[in-house]
Amino acid sequence: MFCAYRYSYFKPKQLRDFGTFQDGGLKYNNPVRPGLREVQRIWEDRECDIVLSIGTGYEQKLTSPVASNVRNLFQDGTLARFYRAALQSLSLNGQLSWEDHWSGLPDDAKKQQFRLNLPLVGKEPSIDDVGSMQYLQDQIQYHLEDIEGIARAFKAVSFFFELNGLPLFEGGRYCCRGSVLSRSPNSLDLIRSLGLNYPYAQFFNQDVPLGFLRASDICTLCGCFQKEVTFYVRHPTDRVNLQLVFNRLYRRSISAFPQSLDWFVDRQKLDAYFGQPDHKSRTGHSREHRCPCEVRRRQDVSTSEATNKKRSLPLQMRVRKKRRY
Ligand SMILES: [Zn+2]
C-alpha cells in the first residue's frame, strides 16, 4: 500500500527525550534492506536464516505503457511526472523495492528469502476502502505461492546445532559430537505437527542419516528438544550441511547451515584455554534451574576437553624435553 495514503493516517509521533518520528514508509516502504542491515549490526557475522517480506497488494501492469502523440499538460507536466516517478520509486513502491533487492541476491540466498504479495488487476483500493476487504480476502487464497514451502523453511530453521565438545581426530578424520536443539517455545507441538505431515522426517548430514525426528527426544523435565548426533568431517574447516529431510521431495538446512565446524567452535568458544568466558547456559535455561539434560551435555564437553588435553599431552611433553636439552 502506498505510503502517500498512509502518511495522512499516521501522524508524526513525538517521544520525549528522543524527538519526533514519522512513518518510515516514505523512505523504506519495504523495510527488508534496513532490516537486514540491522541484523548484521546486531549479530555481526550472522546472516538471516529466513527472510519473509509481506506486501499488502500491488497493481499488476500486464502491458507496457504507451506514449501518447499529444502533449497533455496535466498528464505530462512536471508535477504529474514527478508524482508518477515518486510512486514508482524504490523508496515508495514496496514491490519494486523487493524486486530490485531480489534481483541482486545470489542463488543460494534466494532459497531463503520469500515474498508474499497480492497482484491486483486495476488500481489498488484505498486503505480505508472496507468494501474491498472481502474481494482481497478471496484473492489471497489464489496467490499464497508456496506457503507450505515457507512453513517448512521456518520449521527447519527452528532447529539449531551445538557441538558437545571440540571435534576429535580419529582414524584420519574428525569426529563431531553435538546436539540438534530447538528454539521453538513449544517443541512438543512442533514435533507433533511435523510428525503428522512428515512421519519419516529425519536429520541428515549430506547423505548420512543422523536420526529420525521423535517426540522421545524431548526432555520430560524441561520440554526442550535435544537430539544427540555424531558425524565425521575430513577437516573442521570443511563446510557441512545439516538438514531436516521432510520426505523424498523436501529438505531444508537447519539454522546457520551450511557452515564449517570451526565456526561453531569459535562461536561456542570451545577452544578458549580457560573455558567458555560467559559460563552461561547454552540453551537459554536459567542458570539456577539448569535441567539435567543440559548438565549431561556440559559433562560431555568436559569429558571431550579432558580427552583432548590428554591426547595433546605427549606433544607438550616432547616440546618441553627439547627445550631442556
Ligand atoms: Zn531438560
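Below, a trainee asks a mentor how terms are applied to this predicted model.

Trainee: What makes a feature count in this predicted model, and how are residues numbered?

Mentor: Local features need pLDDT of at least 70 and side-chain atom pairs count only at pLDDT 80 or more, while totals for chains, interfaces and linings use all residues of this predicted model. Numbering starts from 1 along each chain as its sequence is written.

Trainee: How many helices and strands are there, and what makes a run of residues one or the other?

Mentor: The protein chain has 11 helices and 16 strands. Both are DSSP runs numbered from the N terminus: helices (H or I) need at least four residues and strands (E) at least two. Helix H2, residues 32-43, has 12 residues, so it satisfies the helix rule of at least four.

Trainee: What span is expected of H2, and what span does it have?

Mentor: The expected span is 1.5 Å times one less than the number of residues. For H2 the expected value is 16 Å, and the distance from its first C-alpha to its last is close to that, at 16 Å.

Trainee: Why is H2 said to lie largely in the open?

Mentor: A residue is buried if 20 or more other C-beta atoms lie within 10 Å of its own, exposed if 12 or fewer, and partly exposed in between, with C-beta atoms placed from the backbone. Of the 12 residues of H2, the number buried is 0, so the helix lies largely in the open. Across the 325 residues of the protein chain, 18% count as buried. Just after H2, Glu44 takes a positive phi of about 55°.

Trainee: Why is Lys269 called exposed?

Mentor: Lys269 has 12 C-beta neighbours inside 10 Å, so it counts as exposed. Lys269 sits in the loop between helix H10 (261-268) and helix H11 (292-324). Its phi is near 55°, a positive value in a residue other than glycine.

Trainee: Why is Ala256 called partly exposed?

Mentor: Ala256 has 16 other C-beta atoms within 10 Å, so it is partly exposed. Ala256 belongs to the loop between E15 and E16, and its phi is positive, about 80°, although it is not a glycine. Pro258 is also placed in the loop between strand E15 (251-253) and strand E16 (259-260). A cis peptide bond, with omega about 0°, joins Phe257 and Pro258.

Trainee: How do you know that E9 pairs with E12?

Mentor: Two strands pair if DSSP finds at least two bridges between them. E9 and strand E12 (residues 226-233) have 8 bridges and run antiparallel, so they pass the threshold of at least two. One of the bridges sets Tyr174 against Val233 in E12.

Trainee: How many bridges join E7 and E8 to E9?

Mentor: Strand E7 (residues 159-163) is joined to strand E9 (residues 173-182) by 5 bridges, antiparallel; there, Glu162 has Ser179 of E9 as its bridge partner. Strand E8 (residues 168-170) is joined to E9 by 3 bridges, also antiparallel. E8 and E9 form a hairpin with 2 residues between them, and Gly171 in the turn has a positive phi of about 55°.

Trainee: What makes E11 and E15 edge strands?

Mentor: They belong to an open sheet of 4 strands with the order E11-E10-E14-E15 and antiparallel pairing. Strand E11 (208-212) and E15 each pair on one side only. Strand E10 (residues 202-205) pairs with E11 over 4 bridges, and Phe203 stands opposite Gly211 in E11.

Trainee: What makes a group of residues a nonpolar core, and which members of the largest touch the most others?

Mentor: A nonpolar core is a set of buried Ala, Val, Leu, Ile, Met, Phe, Trp, Tyr and Cys residues joined through C-beta atoms within 7 Å. The largest has 28 residues, of which Ala156, Val180, Leu242, Leu244 and Ile254 touch the most other members. Helix H8 (147-156), E7, E9, strand E14 (242-245) and H10 each supply at least two residues of this core.

Trainee: Which residues is Leu242 in contact with?

Mentor: Two residues are in contact if their C-beta atoms, placed from the backbone, lie within 7 Å. Leaving aside neighbours within four places in sequence, the contacts of Leu242 include Phe161, Phe203 and Ile254.
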